[in-house]
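Visitor: Hi, I have a new model open and would like to talk it through. Could you help me read it?

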Amino acid sequence: MATSFFHRALDGGKAARTELVLLVLSVVLALASAASATGGCSSNLTAGFVQVELTESSFKVQSPYDLPENQRYSYDNVTGVRTFLVYAGDKPFNNVTAVTSPRSEVRLAGHDYSSGVWQFEGYGYVPTGTSGASVMQIHNEQGAAHATVLMLHVYNGTLRYYSGKAVEDRIYDRWFRLNVVHDVGASTVAVYVDGAYRLTVNVIPSASHYFKFGVYKQRHDVSPLMESRWRNITLYTKPY
């Protein structure tokens, strides 16, 4: 029976050892090339960050003011899934700022930030049919010149940076991992989907920021009903 070059290498054959080294090198280069072709991929995006403690009181719900909260938002404490839905004709979340659009969202309360690097991580799900809705955003402080530095909208099955650049196609009917990294000092926001890099944008600085997720009606291509589901929401930070 022929002896493999692995066995020959172990037996001290110089040519076989060289062959083994070349094989290993070719595998490493192939993996690096594949990662480059996909824009880079990392399963450890939170390395070097410190997890922020979130309690249930951190999840502040905003939903139509004229309806019980449980008609537009639910939390399953067994599966950990938070479900948000809103109809295009719903009222805003309060009757003071009635010019805002209908929403069913969570604001991560008690964790506004003005410096350092902050990261949102969560698993999202958008069912077929939802369109014209923001499902995640970084909001600025009340009264800021610009309300947000990031919004991720869903239009007809595509996740987009606001209404523009496509972040992820075929977003419907699957759980996806979303990581959003905001470097306040550098004024940049980076977006990753399922560990793969998708987008970096330069943003206008503001005094403070906070994260939101759910569904928030936008201005075009709006479906009658908008829905998203989220689980395993985690917040991380890293000081300079």
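**Confidence, pocket and charge pairs**

Guide: Happy to! This is a predicted model, and pLDDT stays under 50 over residues 20-40, a stretch with eleven contacts beyond four places in sequence.

Visitor: Which other stretch has pLDDT below 50?

Guide: For the chain as a whole, the average pLDDT is 87, and 81% of the residues score at least 70. Residues 1-10 are below 50, and the model gives this stretch 13 contacts beyond near neighbours in sequence. Where pLDDT is low, the predicted coordinates should not be read in detail.

Visitor: Okay, new topic. What volume does the largest pocket have?

Guide: About 700 Å³. It is lined by 29 residues, and those closest to the centre are Thr 100, Arg 103, His 139, Ala 147 and Tyr 216.

Visitor: And which elements give two or more residues to that lining?

Guide: Strand 2 (59-62), strand 5 (103-108), strand 7 (133-140), strand 8 (148-155) and strand 14 (209-217).

Visitor: How many of the lining residues are nonpolar, polar or charged?

Guide: The lining has 14 polar residues, eight nonpolar and seven charged.

Visitor: You mentioned Arg 103. What does Arg 103 form a salt bridge with?

Guide: Its partner is Glu 105, with the closest N and O atoms 3.5 Å apart.

Visitor: Are those two buried or exposed?

Guide: Arg 103 counts as buried because its relative accessibility is 6%, under the 20% cut-off. Glu 105 is buried too, at 0%.

Visitor: How many salt bridges are there in the whole structure?

Guide: The search finds ten. One of them joins the side chains of Arg 177 and Glu 121, at 3.4 Å from N to O.

Visitor: Why does that pair tie together parts 56 residues apart in sequence?

Guide: Because Arg 177 lies in strand 11 (residues 176-183), while Glu 121 is in strand 6 (residues 117-125). Both Arg 177 and Glu 121 are buried.

Visitor: What about Glu 227 and Arg 229, buried or partly exposed?

Guide: One of each! Glu 227 has 15% relative accessibility and so counts as buried, whereas Arg 229, at 26%, counts as partly exposed. Their side chains meet in a salt bridge of 2.9 Å, N to O.

Visitor: Last one: which residues do shared salt-bridge partners join into one network?

Guide: That network consists of Glu 168, Arg 174, Asp 194 and Arg 198. In general, side chains of opposite charge can pair when their charged atoms come close.

Notes. Residues are numbered from 1 along each chain as its sequence is written. This is a predicted model: local features need pLDDT of at least 70, side-chain atom pairs count only at pLDDT 80 or more; totals for chains, interfaces and linings use all residues. Side-chain values use heavy atoms; hydrogens and water are left out. On a 1 Å grid over the protein atoms alone, a cavity is a set of points where a 1.4 Å probe fits but cannot get out, and a pocket is an open set with protein on both sides within 12 Å along at least five of seven lines; lining residues have an atom within 4 Å of a point. Grid points are joined across faces, edges and corners, and a volume is the space filled by probe spheres set on the points. Helices (H or I, at least four residues) and strands (E, at least two) are DSSP runs, numbered from the N terminus. Ala, Val, Leu, Ile, Met, Phe, Trp, Tyr, Cys and Pro count as nonpolar, Asp, Glu, Lys and Arg as charged, and the others, Gly among them, as polar. pLDDT is the predictor's confidence in each residue, from 0 to 100. Contact means heavy atoms within 4.5 Å. A salt bridge is a side-chain nitrogen of Lys or Arg within 4 Å of a carboxyl oxygen of Asp or Glu. Buried means under 20% relative accessible area, exposed over 50%, partly exposed in between (1.4 Å probe, protein chains only).
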